[in-house]
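Reader: Please take one part of this model and walk me through it slowly, as you would for a colleague at the bench. I would like to know what surrounds that part and which of its side chains deserve a closer look.

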Amino acid sequence: MEGKHGPQAYANDPERGQRPVPALSHHGSQRAVLLQTATLLGVLLLGYGYFGLLVPDPEARLQQLGLFCSVFTISMYLSPLTDLAKVIQTKSTQCFSFSLTIATLLTSVSWCLYGFRLRDPYIMVPNFPGILTSFIRLWLFWKYPQEQDRNYRLLQT
């Protein structure tokens with residue numbers, strides 16, 4: 001075995017042969033996330049091309065762009081609810097972030113109030129689902145409290 005290093009050194013030894021690396025076992029899920037990200041980026045670029053090249057009227061472009069951005073904002077606020085079935089089935093909110101829920105609520109309320117002051121539905125309407133989904137997640141945190149991980153106990157001072 002002189003001169004050989006790494007996995008190849010034990011390739012013919014069944015007890016020490018090549019084994020899958022645990023860190024790479026999630027490769028398939030990385031590919032799916034990368035594909036989803038690339039798809040959304042493609043949609044975004046197509047939207048940019050559409051608004052920049054095919055809608056010559058500035059007022060119409062602004063209206064359609066507002067609608068386009070509203071759809072993306074609403075989908076962003078609804079995305080945490082994809083774990084809703086998992087939370088109800090497991091009776092655990094471990095997959096939710098409490099601090100992100102609070103931040104989403106405060107941000108959504110702020111933007112809704114700002115849009116209300118400006119009387120701008122393209123600001124108010126897409127941020128309203130953020131308020132609703134935040135309250136749904138807060139209710140889930142109340143109904144299924146997060147258990148403190150025993151491995152990360154608070155340090156006693």
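Author: Let's begin with a term we will need: a crossing of two helices is called left-handed if the near helix is turned anticlockwise from the far one by less than a right angle, and right-handed if the turn is clockwise. Helices here are DSSP runs of H or I with at least four residues, strands are runs of E with at least two, and both are numbered from the N terminus.

A word on where the values come from. The structure is a predicted model, in which local features need pLDDT of at least 70 and side-chain atom pairs count only at pLDDT 80 or more, while totals for chains, interfaces and linings use all residues. Residues are numbered from 1 along each chain as its sequence is written, and side-chain values use heavy atoms, with hydrogens and water left out.

The chain has five helices and zero strands, giving the pattern α-α-α-α-α along the sequence. Of its 157 residues, 19% are buried, where buried means under 20% relative accessible area, exposed means over 50%, and partly exposed lies in between (1.4 Å probe, protein chains only). Contacts are heavy atoms within 4.5 Å. Among those between residues at least 6 apart in sequence, 62% link residues at least 24 apart.

The part I suggest is helix α5, residues 121–143. It packs against helix α4 (residues 98–118) at an angle of about 150°, and the two axes are 8 Å apart. Axes are lines fitted to C-alpha atoms, for helices over the stretch in contact, and angles run from 0 to 180 degrees between N-to-C directions. Angles under 35 degrees count as roughly parallel, over 145 as roughly antiparallel, 65 to 115 as roughly perpendicular and the rest as oblique. The pair α4 and α5 is therefore roughly antiparallel, and α4 passes α5 in a left-handed crossing. By class, their contact has 16 nonpolar, seven polar and one charged residues. For these classes, Ala, Val, Leu, Ile, Met, Phe, Trp, Tyr, Cys and Pro count as nonpolar, Asp, Glu, Lys and Arg as charged, and the others, Gly among them, as polar.

Helix α5 also packs with helix α2 (residues 58–78), here at an angle of about 5° and with the axes 9 Å apart. That makes α2 and α5 roughly parallel. Among the residues making this contact are Leu67, Thr73 and Tyr77 of α2, and Tyr122, Asn127 and Thr133 of α5. The contact of α2 with α5 has seven nonpolar, seven polar and no charged residues.

Now for the side chains. Asn127 sits in α5 and is buried, with a relative accessible area of 7%. Its side chain makes a polar contact of 2.9 Å with the side chain of Tyr77. A polar contact is a pair of N or O atoms within 3.5 Å; within protein, one must be able to donate a hydrogen and the other to accept it, and residues adjacent in sequence count only if both atoms are side-chain atoms. Setting aside residues up to four places away in sequence, Asn127 touches Thr73, Tyr77, Ser108, Trp111 and Cys112.

Ser134, also in helix α5, is buried too, at 0% relative accessibility. Its side chain reaches the backbone nitrogen of Leu105 at 3.3 Å. Beyond neighbours within four places in sequence, Ser134 is in contact with Thr101, Thr104 and Leu105.

Lys143, another residue of α5, is partly exposed, at 40% relative accessibility. From C-alpha to C-alpha, Lys143 is 9.1 Å from Thr93, although 50 residues separate the two in sequence.

One last stop is the loop between α4 and α5, where Arg119 is found. Arg119 has a positive phi of about 55° although it is not a glycine, and it is exposed, with a relative accessible area of 70%.
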